[in-house]
Amino acid sequence: MSDHTSTAFDADLANLRSDIAEMGGLVVKAVTDAVVALARRDDGLARSVVELDLKIDAIRRGVEERSILTIARRQPVAVDLRELLAIFRIANELERFGDLAKNIARRVADVGAPGPGRAVRRVELMASLVRKQLRAVLESLAQRDAGKALAVWTRDEEIDQLHTLVFRELLTDMMADPRCIGHCTHLMLCAKNLERMGDHATNIAESVQFIVTGQKLSDPRPKSDESSVTVVRMRG
């Protein structure tokens with residue numbers, strides 16, 4: 001690149017990084033507010049999460065458009081191209097976070113009267129772990145810290161294990177009292193949305209690893225979700 005092209009590329013990249021940081025902040029808020037709305041049965045807060053998702057989607061579209069234009073105009077190579085491609089992927093992962101938070105928010109009106117409080121507290125704990133993972137992986141991106149990204153990748157098991165526990169407890173509650181089946185089913189689906197958020201955080205961690213090292217993680221991702229096994233065992 002010429003000096004002028006390099007300066008223009010640096011400006012483009014700085015803007016994209018800023019967009020990703022803004023998007024990440026909105027996603028953290030969406031996840032937080034969705035679970036608070038669920039716990040409090042706050043329809044107004046739930047609606048605000050749905051509206052917030054529109055902003056997240058708009059930023060994602062902007063990131064995609066600018067990434068494509070930057071590649072076409074600046075023709076970056078090596079590490080610069082690597083980062084642009086990774087930013088493109090990260091924007092999509094963050095958008096999925098927003099979609100999953102919106103899914104939780106939309107269940108607030110349907111979840112019904114409070115059932116066993118233990119399950120809601122477990123879901124809140126899952127959300128806390130998800131936010132911790134998301135903040136950590138966004139920090140790893142901002143700091144270009146492959147070690148921190150790898151730590152996020154390996155900690156996904158904690159969310160999986162908690163999801164399995166929530167799933168088992170909700171199944172037990174439904175078997176003990178069929179009147180809470182509707183309530184527990186909605187909570188089960190909310191917990192699954194949070195578990196999937198954990199997967200998206202690990203996807204972002206893999207992208208950060210790729211930006212920093214140029215290498216993809218080759219080991220199988222650690223997983224500890226046994227919810228499907230739980231169903232088989234309880235049926236037996």
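Of the 236 residues in the protein, 48% are buried, as calculated from a model that is predicted. The accessible surface of the protein comes to about 11,300 Å², and carbon and sulfur atoms account for 52% of that area. The secondary structure consists of seven helices and zero strands, so that the elements, read from the N terminus on, follow the order α-α-α-α-α-α-α. Among the contacts in the protein with a separation of 6 or more, 84% are made by residues that stand 24 or more positions apart.

Two helix pairs that share helix α6 were examined. Helix α3, which spans residues 78–106, packs against helix α6, which spans residues 181–213, at an angle of about 170°, and the axes of α3 and α6 are 9 Å apart. Because angles over 145 degrees count as roughly antiparallel, α3 and α6 are assigned to that class with respect to each other. The residues of the contact of α3 with α6 comprise 16 nonpolar, six polar and six charged residues. Helix α5, formed by residues 146–176, also packs with α6, their axes coming within 9 Å and crossing at roughly 170°. The arrangement of α5 relative to α6 is therefore roughly antiparallel. By class, 20 nonpolar, six polar and seven charged residues take part in the contact of α5 with α6.

Leu194 offers a residue-level view of helix α6, in which it lies. The relative accessibility of Leu194 is 0%, and because the buried class takes in values under 20%, Leu194 counts as buried. When neighbours within four places in sequence are left aside, Leu194 is in contact with Val31, Val35, Ile104, Val123, Met126, Ala127, Val130 and Ile159. Phe97 is separated from Leu194 by 97 residues in sequence, whereas the C-alpha to C-alpha distance between Leu194 and Phe97 is 8.9 Å.

A charged residue was likewise considered in helix α2, which covers residues 43–74 and contains Arg60. With a relative accessible area of 14%, Arg60 falls below the cut-off of 20% and is therefore buried. Apart from its neighbours within four places in sequence, Arg60 is in contact with Met23, Ala91, Asn92 and Glu95, and of these contact partners Glu95 counts as charged, whereas Met23 and Ala91 count as nonpolar.

Backbone geometry was examined at two further arginines, both of them in loops between helices. Most residues other than glycine have a negative phi. At Arg41, by contrast, phi is near 55°, a positive value in a residue other than glycine. Arg41 is found in the loop between α1, which comprises residues 3–40, and α2, and its relative accessibility of 22% places Arg41 in the partly exposed class. For Arg144, phi is near 55° as well, again a positive value in a residue other than glycine. Arg144 belongs to the loop between α4, which comprises residues 117–143, and α5, and at 27% relative accessibility Arg144 counts as partly exposed.

Key: Residues are numbered from 1 along each chain as its sequence is written. This is a predicted model: local features need pLDDT of at least 70, side-chain atom pairs count only at pLDDT 80 or more; totals for chains, interfaces and linings use all residues. Side-chain values use heavy atoms; hydrogens and water are left out. Helices (H or I, at least four residues) and strands (E, at least two) are DSSP runs, numbered from the N terminus. Buried means under 20% relative accessible area, exposed over 50%, partly exposed in between (1.4 Å probe, protein chains only). Contact means heavy atoms within 4.5 Å. Accessible areas come from the Shrake-Rupley method with a 1.4 Å probe; for residues, only the protein chains shown count as cover. Axes are lines fitted to C-alpha atoms, for helices over the stretch in contact, and angles run from 0 to 180 degrees between N-to-C directions. Angles under 35 degrees count as roughly parallel, over 145 as roughly antiparallel, 65 to 115 as roughly perpendicular and the rest as oblique.
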